[in-house]
Amino acid sequence: MNNFAITPDDRVLVIGSTGFIGGRLVPELFKKGIKLRLLVRNPSKLSPSLLKNELIEVVKGDLLKNEGLPEAFHTIHSAYYLVHSMGGKSIFSNREFVKADKLAARNFVTAADAAGLKRVIYLGGLGEMGKNLSEHLRSRAEVAEILASGKTRATILRAAVIIGAGGASYEMLRYLVERLPAMVCPKWIDTKIQPIAVRDVLAYLVGCLVNPETAGKIFDIGGPDIMTYREMMQQHARAKGLYPRLIVRVPVLTPHLAAYWVDFVTPVPSGIAHPLIEGMKNEVVCHENSIDRYIPIRKTPFPEAANIAIEEEKEIHGTIES
Ligand SMILES: NC(=O)c1ccc[n+]([C@@H]2O[C@H](COP(=O)([O-])OP(=O)(O)OC[C@H]3O[C@@H](n4cnc5c(N)ncnc54)[C@H](OP(=O)(O)O)[C@@H]3O)[C@@H](O)[C@H]2O)c1
């Protein structure tokens, strides 16, 4: 058996299980009978059913503070790295996310190497390195490099906006569309993107773990549709029965101003909106599709992904207006 193949006795560590992606990945892995351990900063953020589940181990720890890592990595076969440090209520409260994300990844590598971790699977961002790449997307790529620099074999998945209820980038755009019949936007509104449904992302994340041939590889992942942010917002409006929205491109609207505006109109705080908006100047489309050879799935078209996200949102929160 290949050293990277997982057996029923192996345990897998998930870091980021209280987040948008990690929170959805854990039940998928559990359904497949994979033994899990979760490293969390605040266990009370996990659902009571997870905390009561005797088959899922929970370790309290923090990548940045380097706490709980030896305990979390002990006898672990593979780990998922689904973490970033963007956030905070204001643009200025968390300008350090780039440094923080590097430190967190370095702490991960040190602990993983010490424990003999075999594989790490990381979900990062699309976008090509170059001086125009935003701080956010550059940071995602730097984390990928750090994770791949240790002894552990890294699988890197690179995605653009993920469509699902609770994903920060999509939430920001959909709240704008749903709350504003007309809006002004900077020139990023016409940047090309290749969004992906969250269920497709989960299929790839699980697929990479169960297919050892994906160890050590980098994959661009995306849905079947390439569009602009403007088209994505209009398609979301269509799915919500709000089409068309008036979206006017203006020559000057700085990411700072746009982030404050997003903070005002949506529940996404400016500390996360700012790096995300800055990243919207960069085209994020797949440049290769080798993932299809290893994990062939039906790629969810954008309108279907948007409808699923709208239904999920209703289940979680009722309608936005309520
Ligand atoms: N959402 C998207 O549209 C999208 C698109 C492309 C790529 N991605 C990538 O997908 C990954 C997951 O993103 P997400 O949207 O799920 O983010 P998220 O919802 O903000 O979740 C981030 C997770 O990281 C955890 N975390 C942060 N700092 C930590 C630390 N120091 N130690 C331990 N855990 C820490 C958070 O824990 P707490 O609950 O304690 O804060 C949370 O569980 C990221 O790498 C992101 O770049 C996301």
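A polar contact here is a pair of N or O atoms within 3.5 Å. With that cut-off in hand, the ligand is a good place to start in this predicted model. An oxygen atom of the ligand sits 2.8 Å from a polar backbone atom of Phe20, so the pair falls within the 3.5 Å limit. Next door in sequence, a polar backbone atom of Gly19 is 3.1 Å from an oxygen atom of the ligand. Leu64 joins in through its backbone too, with one of its polar atoms 3.4 Å from a ligand nitrogen. On its own the ligand would expose 910 Å², and the protein covers up 87% of that.

Looking at the shell as a whole, 21 residues surround the ligand, and the closest are Thr18, Arg41, Lys45, Leu123 and Arg140. Two elements give two or more residues each to this shell, namely α1 (20–31) and β5 (119–125). Of the elements, β5 gives the most, with 3 residues.

Away from the ligand, the nonpolar packing comes next. The largest nonpolar core has 42 residues, and within it Tyr229 and Met232 touch the most other members. Quite a few elements pitch in: α4 (97–115), α6 (168–179), β8 (182–185), α8 (229–239), α9 (255–265), α10 (270–279) and α12 (302–317) each supply at least two residues. The biggest share, 5 residues, comes from α6. A second core, separate from this one, holds 34 residues, including Leu38, Leu46, Val198 and Leu209.

Tyr229 deserves a look of its own. Setting aside neighbours within four places in sequence, Tyr229 is in contact with Val161, Leu173, Trp188, Ile189, Thr191, Ile193, Met280 and Val284.

Then there are the cysteines. The disulfide count comes to 0. Cys208 is in no disulfide, and the nearest cysteine sulfur, the one in Cys286, is 13 Å away. Seen from the other side, the closest cysteine sulfur to that of Cys286 belongs to Cys208, and at 13 Å the two are too far apart for a bond, because a disulfide needs the sulfur atoms within 2.5 Å. The surroundings of these two cysteines can be set side by side: Cys208 is buried, with a relative accessible area of 0%, while Cys286 is partly exposed at 21%.

Strand β4 is the last stop. His77 lies in this strand and is buried, with a relative accessible area of 4%. The side chain of His77 makes a polar contact of 2.6 Å with the side chain of Ser78. A polar atom of the His77 side chain is also 3.3 Å from the backbone oxygen of Ala5. Beyond neighbours within four places in sequence, His77 is in contact with Asn3, Phe4, Ala5, Ile6, Asp10, Arg11, Leu117, Lys118 and Arg119.

Thr75 is found in the loop between α3 (69–73) and β4 (76–81). In contrast to buried His77, Thr75 is exposed, with a relative accessible area of 57%. Thr75 and Glu135 are 60 residues apart in sequence, and their C-alpha atoms are 35 Å apart in space.

Definitions and conventions
Residues are numbered from 1 along each chain as its sequence is written. This is a predicted model: local features need pLDDT of at least 70, side-chain atom pairs count only at pLDDT 80 or more; totals for chains, interfaces and linings use all residues. Side-chain values use heavy atoms; hydrogens and water are left out. Buried means under 20% relative accessible area, exposed over 50%, partly exposed in between (1.4 Å probe, protein chains only). A nonpolar core is a set of buried Ala, Val, Leu, Ile, Met, Phe, Trp, Tyr and Cys residues joined through side-chain atoms within 4.5 Å. Helices (H or I, at least four residues) and strands (E, at least two) are DSSP runs, numbered from the N terminus. Contact means heavy atoms within 4.5 Å. A residue is near a molecule or strand if one of its heavy atoms lies within 4 Å of it. A polar contact is a pair of N or O atoms within 3.5 Å; within protein, one must be able to donate a hydrogen and the other to accept it, and residues adjacent in sequence count only if both atoms are side-chain atoms. Accessible areas come from the Shrake-Rupley method with a 1.4 Å probe; for residues, only the protein chains shown count as cover.
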